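Please read the points below alongside the sequence and the coordinates. They take up a small sheet, some aromatic contacts and a pocket.

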Amino acid sequence: MSRDRDPLSVGRVIGDVLDPFTKSISLRVTYSSREVNNGCELKPSQVANQPRVDIGGEDLRTFYTLVMVDPDAPSPSDPSLREYLHWLVTDIPATTGASFGHETVCYESPRPTMGIHRFVFVLFRQLGRQTVYAPGWRQNFNTRDFAEVYNLGSPVAAVYFNCQRESGSGGRRR
């Protein structure tokens with residue numbers, strides 16, 4: 001089994017966001033033509049626009065919530081804003097994608113200024129439609145607490161990428 005697909009390695013890397021879980025549905029996140037695989041490196045310019053998100057499932061009457069967070073904000077050495085909520089989409093019908101859901105918190109593109117940040121997409125199965133609402137803030141969001149408040153249970157899928165500030169051009173500044 002590759003590192004990208006191994007839920008145990010994913011759990012170790014994003015354990016400060018999620019408890020161990022068993023993936024039970026497919027989650028595909030794509031920026032332009034680049035699919036997000038666990039641990040891949042994407043530049044801020046590549047993630048400026050919201051990604052295409054496709055989810056599996058079998059029944060259009062089943063709904064999902066997608067959460068995107070940065071557990072390393074504002075910097076990995078001092079994540080005092082952990083977790084920063086970048087995107088929240090609710091009421092996504094199974095077999096479709098995020099564009100068919102309700103964008104509860106609009107997409108904010110990653111712009112890390114220091115260090116390598118992890119950006120985590122987490123998918124939860126909802127108990128029903130229109131049962132999940134927007135939090136009042138983005139910083140210090142807590143995925144575990146959010147899932148508990150809305151009775152979302154364990155995640156059904158997750159994927160993450162790494163992102164860091166793009167190098168400047170033209171050499172040393174004076």
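The numbered points below begin with the basis of the values and then go through the sheet, the rings and the pocket.

1. This is a predicted model, in which local features need pLDDT of at least 70 and side-chain atom pairs count only at pLDDT 80 or more, whereas totals for chains, interfaces and linings use all residues. Residues are numbered from 1 along each chain as its sequence is written, and side-chain values use heavy atoms, with hydrogens and water left out.

2. An open sheet of 3 strands has the order S2-S1-S4 with antiparallel pairing, where strands are DSSP runs (E, at least two residues) numbered from the N terminus, and two of them pair if DSSP finds at least two bridges between them. The edge strands, each pairing on one side only, are S2 (34–35) and S4.

3. Strand S1 (residues 27–31) and S4 run antiparallel and are joined by 4 bridges; among the partners, Leu 27 is bridged to Ile 55 of S4, and Arg 28 to Asp 54 of S4. Strand S4 (residues 52–55) has Val 53 and Ile 55 on its covered face, while Arg 52 and Asp 54 are on the uncovered one.

4. The count of aromatic pairs comes to 7, under the rule that rings of Phe, Tyr and Trp (its six-membered ring) pair if their centres lie within 6.5 Å, with planes under 30 degrees apart taken as stacked, over 60 as edge-to-face and the rest as tilted. One of the pairs, Trp 87 with Tyr 107, is edge-to-face, at 5.4 Å centre to centre and 85° between the planes. This pair links distant parts of the chain, 20 residues apart, with Trp 87 in strand S6 and Tyr 107 in the loop between strand S7 (102–105) and S8. Both Trp 87 and Tyr 107 are buried (under 20% relative accessible area, with a 1.4 Å probe and protein chains only). Ring pairs also link Tyr 31, Phe 119, Phe 121 and Phe 161 into a cluster.

5. The second largest pocket (on a 1 Å grid over the protein atoms alone, an open set of points with protein on both sides within 12 Å along at least five of seven lines) has a volume of about 160 Å³, that is, the space filled by probe spheres set on the points. Its lining, of residues with an atom within 4 Å of a point, comprises 14 residues, of which Asp 70, Ala 73, Tyr 84, His 86 and Arg 111 lie nearest the centre. Strand S6 (84–93) and strand S8 (117–125) are the elements that give two or more residues to this lining.

Key: On a 1 Å grid over the protein atoms alone, a cavity is a set of points where a 1.4 Å probe fits but cannot get out, and a pocket is an open set with protein on both sides within 12 Å along at least five of seven lines; lining residues have an atom within 4 Å of a point. Buried means under 20% relative accessible area, exposed over 50%, partly exposed in between (1.4 Å probe, protein chains only).
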